[in-house]
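Biologist: Please take a close look at one strand of this model, and tell me how it is covered, what it pairs with and what it belongs to.

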Amino acid sequence: MTHKLQFPADFIWGVATSAYQIEGSPLADGAAPSNWHRFCRVPGAVLNGDTGDIACDHYRRWADDVKLMKELGLKAYRFSIAWSRILPNGQGKPNEKGLDFYRNLVDALVANDIEPFVTLHHWDLPIALDDLGGWANRDAAHWFADYAHLMFRTLEGRVQHWTTLNEPWVIMDAGYMHGVHPPGLRSLEKAPVAAHNLLRGHGLAVQAFRADGKGQIGLVVNLEPKYAASNGPEDAAALARAHAYMNRQFLDPVFLGAYPDELAEIFGHDWPRFPEDDLKLIREPIDFLGINYYTRSVVRSDPTAAPLCASPVAQTGAEHTEMKWEVFPAGLKSCLLWVKRRYGDIPLYITENGAAFADPEPKNGRLEDPRRVDYFRTHLRAAHEALQQGANLKGYFAWSLVDNFEWSCGFARRFGLVHVDYATQKRTPKDSASFYRQVIESNGEEI
Ligand SMILES: OC[C@@H]1[C@@H](O)[C@H](O)[C@@H](O)c2nc(CNc3ccccc3)cn21
């Protein structure tokens, strides 16, 4: 049964991808290796030893992929720029062929009335910078701001929506706390320093944009609402720590100018003292916030799970995706309304929302993915409820345009609206792509 939902007339409907996950050709035309190019080659780092060497071959097939986006009726396309194509050494002399790739992509999008939403950094750091300590090096903030400034000038007037970082929490948690992303560290000392430098880089890039950019700039964070496993005080305290660590760690400094108190408790003597001027820089005002939402988590107190001392409680009776993430649309609505209550009426975009399911192979040019259709339907309804309750929601980007390289899961998890046969690179729109096209054509009425 469809509902007649009214979204704002200027609501932006798009899809999202990221450079390392779809482009392939990581060393083409003067590009240098990224941290992910190297990390994929660490035995055991990525399922089945998959790499982004080919991925969806988008670096070569970009024109056809823009045609595909047009056929899907997309109004916007969120993608990221591979820093190591632009500045092979991370800083210094730009690589003109790298710049040309993104100039051509953006021009094709604009020519097809598809609004480009550009993410400057979606985890793929040039290895030259990784070798200098990556985000744990205080200079990383300046390397990033210089790269951002170069992109603002290069794409000036063609791109109106920029975001600095994709999910700094994942860079910090996966790369510096748990070692499952590059640089593969497990360091209570370096993790908060990396997080802080990511935020400093964000702030410096926003300052550079204010001086020399046109359009709007924001930040993209992943939010995962936390629910206590019981009404007991220990689980309430665990919830507060988990919520502060994942959801407030980056938004509190950006919007409130201070880190959550819980972080000093979590990191203990490893929690650094940050210069006040840093917090002032981080608080440089932004024009919008991107929220990536996939699931929620239910947490309990767990003294054995240092330093957070909070552990997830499996929701065995609920539906889950192939990522083992609970399908929980109500969490999207609560995220949107929580941001408004805590941080004010900042314009919001859902910059990622989607699901990996065990899709069948395409048959006669079709691929039935009813669970993904239902995931989008229930989450779009939740987004609409948040709108009705006052969320300042401006747009929605489905993750993802195409099946792609799912980081440490390699190609074993498929999130695409469009199926990719990696042996032939044939693209096949799934039923969810047809569903989404109808959503866009009706501006949300057909959900
Ligand atoms: O996992 C699906 C996508 C991924 O392909 C995107 O590159 C990335 O932006 C992304 N972020 C999340 C949600 N955040 C997250 C939370 C815990 C671990 C890893 C990601 C999901 N996804």
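Modeller: A residue is called buried here when its relative accessible area is under 20%, computed with a 1.4 Å probe on protein chains only. By that cut-off, strand β4, which spans residues 161-166 of this predicted model, is mostly covered, with six of its six residues buried.

On one side, β4 pairs with strand β3 (residues 115-121) in the parallel sense, over four bridges, and within this pairing Thr 119 stands opposite Thr 163 of β4. Another partner of β4 is strand β5 (residues 216-222), where the pairing is again parallel and runs over four bridges; here Trp 162 stands opposite Ile 217 in β5. In general, the strands of a sheet pair through backbone hydrogen bonds, in either a parallel or an antiparallel arrangement.

These pairings belong to a closed barrel of eight strands with parallel pairing, which runs in the order β1-β2-β3-β4-β5-β7-β10-β11. Neighbouring strands of this sheet are turned against each other by 25° on average, when direction is ignored. Following the barrel from β4 through β3, one comes to strand β2, which comprises residues 76-80 and pairs with β3 in the parallel sense over five bridges; Phe 79 has Val 118 in β3 as its bridge partner. Elsewhere on the sheet, helix α16 (residues 431-441) packs against it, touching β1 (12-16) and β11 (393-399), and the direction of the helix makes about 155° with that of β1.

How values were computed:
Residues are numbered from 1 along each chain as its sequence is written. This is a predicted model: local features need pLDDT of at least 70, side-chain atom pairs count only at pLDDT 80 or more; totals for chains, interfaces and linings use all residues. Side-chain values use heavy atoms; hydrogens and water are left out. Buried means under 20% relative accessible area, exposed over 50%, partly exposed in between (1.4 Å probe, protein chains only). Helices (H or I, at least four residues) and strands (E, at least two) are DSSP runs, numbered from the N terminus. Two strands pair if DSSP finds at least two bridges between them. Axes are lines fitted to C-alpha atoms, for helices over the stretch in contact, and angles run from 0 to 180 degrees between N-to-C directions. Contact means heavy atoms within 4.5 Å.
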